[in-house]
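Reader: Please take a close look at one pocket of this model. I should also like to see it set against the chain as a whole.

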Amino acid sequence: MEYLDLLLWPIIATFVLTGIHVYLGLHVVTRGVIFVDLALAQVAALGMAIGVLIGLEHESISVYFIALLFTTLGAGLFALTREIQRRFNQEAIIGIVYVVSAALMIILLSKLPEGGEHLNHLLVGSILFVSPSAVIKTAVLYTLIGLFHYRYRVAFLSVSKFPGHDEVQQVNTKLWDFMFYVSFGLVVTSSVQIAGILLVFSYLIIPSVAALLFVRGIKRRLLFGWAFGIVGSLFGLFLSVFFDLPTGASIVAAFGVLLVLVVVVKSLRLNHP
């Protein structure tokens, strides 16, 4: 019962994170911009570092809006530079944004006496100690973003060029790219406050890659990714509590183990039709 009380809200938080991140992760992997989430998460963390440097609390609304402003600017940049892929891969721009943002964040936090603690919080988060109010607010935001994507799903799926998506629609690519990255940025900004950069990246990419490896079709991939994310989250959380391990790192490691198992099962199925 003691463990259940401790893990109740972290478990709900992982369900909330899994729900939206698997869907967005499928978009990211399909677009071939694997590290865009890592870059936007790092940009959000840079905004948070600036907020902390000027004396604001990590979880304050002011820090959130500073991070959101930075993330929105990054989203606009990525939407505008998608066309540059004719000259070189957009991943180069994404990588530059990530590494420069990371360097600036480290420089800023080095000026604080407790900079190492702040850096650790931004990297791995504190999902084990997430507050009920933070989970509820995040769930409401993600539900609204999910409904927005569902309402305009044809446009979003068309601009991401989803394989097997039959309802192709002629859309304003720059507009819907921007809308995707802005909504994506809203999610990443909120998630980094709860889970940290590394865990956000893992939620977006690892379940989506496992789903793409194992099943076909958008709906089946979503269901598979959600199941993968929930099982991995629960496995990592319980490992963290029972063995006194860092929670974020435990969930990432659990995702890695599950992905290896998925790859092994996939290989066995290919070898034994």
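**The second largest pocket and its setting**

Author: Helix α6 supplies five residues to the lining of the second largest pocket, the largest share. The model is a predicted one, in which local features need pLDDT of at least 70 and side-chain atom pairs count only at pLDDT 80 or more, while totals for chains, interfaces and linings use all residues. Residues are numbered from 1 along each chain as its sequence is written, and side-chain values use heavy atoms, with hydrogens and water left out.

A pocket here is an open set of points on a 1 Å grid over the protein atoms alone where a 1.4 Å probe fits, with protein on both sides within 12 Å along at least five of seven lines; lining residues have an atom within 4 Å of a point. The volume of the second largest pocket, the space filled by probe spheres set on points joined across faces, edges and corners, is about 400 Å³. Its lining comprises 17 residues, and those nearest the centre are Glu-59, Ala-134, Lys-137, Thr-138 and Gln-193. At least two lining residues come from each of α3 (61-80), α6 (132-151) and α8 (173-195). Eight of the lining residues are nonpolar, seven polar and two charged (nonpolar: Ala, Val, Leu, Ile, Met, Phe, Trp, Tyr, Cys and Pro; charged: Asp, Glu, Lys and Arg; polar: the others, Gly among them).

The chain that holds this pocket has eleven helices and zero strands (DSSP runs: H or I of at least four residues for helices, E of at least two for strands, numbered from the N terminus). Of its 273 residues, 49% are buried, meaning under 20% relative accessible area with a 1.4 Å probe and protein chains only.

Helix α7 (residues 153-160) is largely enclosed by the rest of the structure, because seven of its eight residues are buried. These are Val-154, Ala-155, Phe-156, Leu-157, Ser-158, Val-159 and Ser-160. Lys-161 follows α7, with a positive phi near 55°.

In helix α1 (residues 2-31) lies Thr-14, buried with a relative accessible area of 0%. Beyond four places in sequence, Thr-14 touches Ile-127, Tyr-203, Ser-233, Leu-237 and Ile-251, a contact being heavy atoms within 4.5 Å. With the same exclusion of sequence neighbours, Val-36 meets Val-28, Phe-78, Ile-94, Tyr-181 and Phe-184. Among contacts in the chain between residues at least 6 apart in sequence, 76% join residues at least 24 apart.

Definitions and conventions. Buried < 20%, exposed > 50% of the residue type's maximum accessible area, 1.4 Å probe, protein only.
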